[in-house]
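Work through the exercises below with the sequence and the structure side by side. Try each task before reading its solution.

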Amino acid sequence: MNKISTEEVLASSSGLIASLLNILPGLGSGYLYQRRWLPYFITTGVVTAWFVIGIILQGDKEPSQTEQLIGISGLFLISTITVVEANLAFKKAVKITSVQKEKEKTPIKKGWFK
């Protein structure tokens, strides 16, 4: 029985769904769909750090409209980066698996005159 490689799992997922899951909540949910744990935890850490920095810089005062826009634009930037990265990883995995399948398809010449 063959063990499925991580590239095959990633290539079998849908790049569009992974991108939508990364942009919509903005928390790297597409990485869970793609079964990519390290990028998910990195994204979760960056989003958590963004919230913590915002809370620390805000202090006890209410955030102004400019500070709110900065916070939302930071989350939008993080989600945009994760969308692009997830899509690139998907395309790379599809390319790798197609090359591997082509290698498996090439017949091995047997005989005296190879």
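The exercises that follow deal with a predicted model.

**Exercise 1. Helix H4**

Task: Compare the expected span of H4 with the distance between its end C-alpha atoms.

Solution:
- Step 1. Helix H4 covers residues 37-58.
- Step 2. At 1.5 Å a residue, its 22 residues should span 32 Å.
- Step 3. The end C-alpha atoms of H4 are 32 Å apart, which agrees with the expected value.

Task: Which residues of H4 are buried, and how are they arranged around the axis?

Solution:
- Step 1. Buried means under 20% relative accessible area. In H4, Tyr 40, Thr 43 and Val 47 are buried.
- Step 2. Look down the axis of H4. The buried residues fall within an arc of 70°, so they line one face of the helix.
- Step 3. Find their partners. The buried residues of H4 pack against H3 and H5.
- Step 4. Turn to the face of H4 that points away from the buried side. Leu 38, Phe 41, Ile 56 and Leu 57 are exposed there.
- Step 5. Go just past H4. Gly 59 takes a positive phi of about 70°.

**Exercise 2. Helix H2**

Task: Find the buried residues of H2 and say which helices they pack against.

Solution:
- Step 1. H2 runs over residues 15-23. Its buried residues are Gly 15, Ala 18, Ser 19 and Asn 22.
- Step 2. Seen down the axis of H2, these residues fall within an arc of 100°, so they line one face of the helix.
- Step 3. That buried set packs against helix H3 (29-34) and helix H5 (65-105).

**Exercise 3. Two residues of H5**

Task: Is Thr 82 buried or exposed? Which residues does Thr 82 contact, leaving aside its neighbours within four places in sequence?

Solution:
- Step 1. Thr 82 is placed in helix H5.
- Step 2. Its relative accessibility is 5%. The cut-off for buried is under 20%, so Thr 82 counts as buried.
- Step 3. With those neighbours set aside, Thr 82 is in contact with Asn 22, Tyr 31 and Thr 43.
- Step 4. Check two of these contacts against the earlier exercises. Asn 22 is a buried residue of H2. Thr 43 is a buried residue of H4.

Task: Is Ile 81 buried or exposed?

Solution:
- Step 1. Ile 81 also lies in helix H5.
- Step 2. Its relative accessibility is 51%. Exposed means over 50%, so Ile 81 counts as exposed.
- Step 3. Add a distance. Ile 81 and Ser 29 are 52 residues apart along the chain, and their C-alpha atoms are separated by 13 Å.

**Exercise 4. The largest pocket**

Task: Describe the volume and the lining of the largest pocket.

Solution:
- Step 1. The volume is about 400 Å³.
- Step 2. The lining has 14 residues, and those closest to the centre are Trp 50, Gly 54, Ile 55, Glu 67 and Gly 71.
- Step 3. H4 and H5 each supply at least two lining residues. The largest share, seven residues, comes from H4.
- Step 4. Sort by class: nine are nonpolar, four polar and one charged.

**Exercise 5. The second largest pocket**

Task: Which helix gives the most to the lining of the second largest pocket?

Solution:
- Step 1. This pocket has a volume of about 160 Å³.
- Step 2. Its lining includes Ile 4, Leu 10, Arg 35 and Ala 93.
- Step 3. Helix H1 (residues 6-12) gives the most, with four residues.
- Step 4. By class, the lining has four nonpolar, three polar and three charged residues.

How values were computed. Residues numbered from 1 in each chain as written. Predicted model: local features only at pLDDT ≥ 70, side-chain atom pairs only at ≥ 80, totals over all residues. Heavy atoms only, no water. Buried < 20%, exposed > 50% of the residue type's maximum accessible area, 1.4 Å probe, protein only. Arc of directions from axis to C-beta. Contact = heavy atoms within 4.5 Å. 1 Å grid on protein atoms, 1.4 Å probe; cavity = no way out; pocket = protein on both sides within 12 Å on 5 of 7 lines; lining within 4 Å. Points joined across faces, edges and corners; volume = space filled by probe spheres on them. Nonpolar A, V, L, I, M, F, W, Y, C, P; charged D, E, K, R; others polar. Expected span 1.5 Å × (residues − 1).
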